Amino acid sequence: MSSNCDWVSVKDRLPEKAGKYLVTITEGGSVHTTVRRFNPKPKHPEQTEPLFTRYLPYRSGWERGTCGVIAWAELPEPYKEG
């Protein structure tokens with residue numbers, strides 16, 4: 001994993017492997033950063049392309065859809081004391 005945040009536009013390319021990524025999204029007219037899961041291969045009949053998903057505990061599962069993702073980056077290393 002990268003220790004810095006090198007943003008990549010989803011227009012340029014998507015991640016090559018599944019996993020959690022830091023993403024910048026547009027939602028309801030605002031722009032913010034959060035963590036989303038990326039699925040490069042369709043895992044559901046309605047999924048026809050790679051996409052980012054988010055976990056919705058009150059809906060009991062992962063939401064399908066790109067959720068307004070405009071850029072992504074690898075997660076930084078976790079904080080370590082000392």
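Start with the whole chain in cartoon view: the protein has six strands and zero helices. This is a predicted model. Follow the chain from the N terminus and the elements run β-β-β-β-β-β.

Next, switch on the surface for the whole protein. About 5900 Å² is exposed, and carbon and sulfur atoms supply 50% of that area. Of the 82 residues, 28% are buried. If you display contacts with a separation of 6 or more, 47% of them join residues 24 or more positions apart.

Now hide the surface and select Val8, Tyr21, Val23, Ile25, Phe38, Phe52, Val69 and Trp72 as sticks; these eight residues form the largest nonpolar core. Colour strand E2 (19-27) and strand E6 (69-74), since each supplies at least two residues of this core. E2 gives the most, with three residues.

Stay with the core and centre on Tyr21. Beyond its neighbours within four places in sequence, Tyr21 is in contact with Pro15, Phe52 and a set that includes Thr34, Val35, Arg36 and Phe38. Select Trp72, Ala73, Glu74 and Leu75 as well, which are also among the contacts of Tyr21.

Last, move along to Thr24, which also lies in strand E2. Is Thr24 buried or exposed? Its relative accessible area is 12%, under the 20% cut-off, so Thr24 counts as buried. To see what is around Thr24, select Trp7, Val31, His32 and Thr33, then Gly68, Val69, Ile70 and Ala71; Thr24 is in contact with these residues, leaving aside its neighbours within four places in sequence. Val69 in that selection is also one of the residues of the largest nonpolar core.

Definitions and conventions:
Residues numbered from 1 in each chain as written. Predicted model: local features only at pLDDT ≥ 70, side-chain atom pairs only at ≥ 80, totals over all residues. Heavy atoms only, no water. Helix = DSSP H or I, 4+ residues; strand = E, 2+ residues; numbered from the N terminus. Buried < 20%, exposed > 50% of the residue type's maximum accessible area, 1.4 Å probe, protein only. Contact = heavy atoms within 4.5 Å. Areas by Shrake-Rupley, 256 points an atom, 1.4 Å probe, with all protein chains shown as cover. Core = buried A, V, L, I, M, F, W, Y, C linked by side-chain atoms within 4.5 Å.
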